[in-house]
Structure formats: structure tokens, C-alpha cells
Amino acid sequence: DPSVFQPKAHCLRKIQGWSMRDAGICDGDLVGIHLTPNVSPRQIAAVRVEDAQTGETTLTLKRIRKEGRRLILLSDHADQKTYAPIVVDLRRQAVSIEGVFCGLIRPAGAVPK
């Protein structure tokens, strides 16, 4: 039921990885995404970003910070060597904010590491 999330979730995405662990978002969780291009600074958002080398796009869930013509995608994990920020040069890379994180569903029996 989309209304269990606030704001309303338009879709669910399954999380792969641990980069947002310290925000309570873990590998295997289903996160609700409210589709909107409007994101406040430091808000957690689903962002589709183009890889500068390959041109392939990936969807990632990160905190957002904008610095001039750069978008900084921040993990929420103490290990910043493994989960370093992703710096997007908005003049050279395609990026689109798909929506904001609005809650999660953790599968029964899943235990966060």
C-alpha cells in the first residue's frame, strides 16, 4: 500500500550493498521512492547517474549535496574509503534525480550487519 509511506511511494527498489547502512538502509531492503525531481540538500534520493568512463547509467540511493556545477552523492557509512562520495560533473555527466527515499520494508528474518 503506497500510503504507508510519507510521502506516498510510487515505486519500490531493492537495495544491493551497504553504502547506506548508517542511515538504517541495508542490503536486501525494499525502499519506497516518491517520484519527484525536487530534493533538499542532504536528503536521501534515488539518482540515475552516467558512468564517466563507460557511459552506462546506474541507479543509486545516496544523500545529495550540490556544489556549484558538481553534484556530490554521499554514502551513509562510516567506511568512507570503501564507500567514497561520487562526484558528478554536471557539465560532463548525465544525471537525473528520480525521487526521494520515503521509507523501507525489511524482509522477514533479515538481520542487518
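Among contacts in the protein chain between residues at least 6 apart in sequence, what share joins residues at least 24 apart? The figure is 55%. Keep in mind that you're looking at a predicted model. The chain is built from strands, with 7 of them and 0 helices. Here's a quick tour, from the overall fold down to a few residues worth a click.

**Overall shape**

- Walk along the sequence and you'll meet the pattern β-β-β-β-β-β-β.
- The radius of gyration is 14 Å, close to the 13 Å that the globule rule gives for 113 residues, so the chain is as compact as a globular protein of that length.
- If you'd like a feel for the dimensions, the C-alpha trace spans about 40 × 30 × 25 Å along its principal axes.

**Inside and outside**

- Of the 113 residues in the chain, 34% are buried.
- The chain exposes about 6,900 Å², and carbon and sulfur atoms supply 49% of that area.

**The largest pocket**

- The largest pocket holds about 300 Å³ of space.
- Three strands each give two or more residues to its lining: β1 (11–14), β2 (30–35) and β4 (57–67).
- Strand β4 gives the most to that lining, with 4 residues.
- In total, 17 residues line the largest pocket, and to find its centre on screen, look for I15, Q16, L59, T60 and L61, which lie nearest to it.
- By character, the lining of the largest pocket splits into 10 nonpolar, 4 polar and 3 charged residues.

**G103, in the last-numbered stretch of this tour**

- You'll find G103 in strand β7, which covers residues 95–105.
- G103 has a relative accessible area of 14%, so it counts as buried; the cut-off for that label is under 20%.
- Setting aside neighbours within four places in sequence, G103 is in contact with F5, L30, V31 and G32.
- G103 and A23 sit 80 residues apart along the chain, yet their C-alpha atoms are separated by 11 Å.

**D76, a buried aspartate in a loop**

- D76 belongs to the loop between β5 (70–74) and β6 (86–89).
- Although in a loop, D76 is buried, because its relative accessible area is 18% and the cut-off is under 20%.
- What does D76 touch, leaving aside its neighbours within four places in sequence? Its contacts are S19, M20, R21, D22, A23 and R63.
- A23 therefore turns up twice here: as a contact of D76 and as the partner in the C-alpha separation given for G103.

**Backbone oddities to check**

- The peptide bond from Q6 to P7 is cis, with omega near 0 degrees.
- P7 itself is in the segment before β1.
- R42 isn't a glycine, but it has a positive phi of about 70 degrees.
- R42 is in the loop between β2 and β3, the latter being residues 44–50.
- Is R42 buried, exposed or partly exposed? With a relative accessibility of 45%, R42 counts as partly exposed, because that label covers values between the 20% and 50% cut-offs.

Terms used. Residues are numbered from 1 along each chain as its sequence is written. This is a predicted model: local features need pLDDT of at least 70, side-chain atom pairs count only at pLDDT 80 or more; totals for chains, interfaces and linings use all residues. Side-chain values use heavy atoms; hydrogens and water are left out. On a 1 Å grid over the protein atoms alone, a cavity is a set of points where a 1.4 Å probe fits but cannot get out, and a pocket is an open set with protein on both sides within 12 Å along at least five of seven lines; lining residues have an atom within 4 Å of a point. Grid points are joined across faces, edges and corners, and a volume is the space filled by probe spheres set on the points. Ala, Val, Leu, Ile, Met, Phe, Trp, Tyr, Cys and Pro count as nonpolar, Asp, Glu, Lys and Arg as charged, and the others, Gly among them, as polar. The radius of gyration is taken over C-alpha atoms; the globule rule is 2.2 Å times the number of residues to the power 0.38. Buried means under 20% relative accessible area, exposed over 50%, partly exposed in between (1.4 Å probe, protein chains only). Contact means heavy atoms within 4.5 Å. Accessible areas come from the Shrake-Rupley method with a 1.4 Å probe; for residues, only the protein chains shown count as cover.
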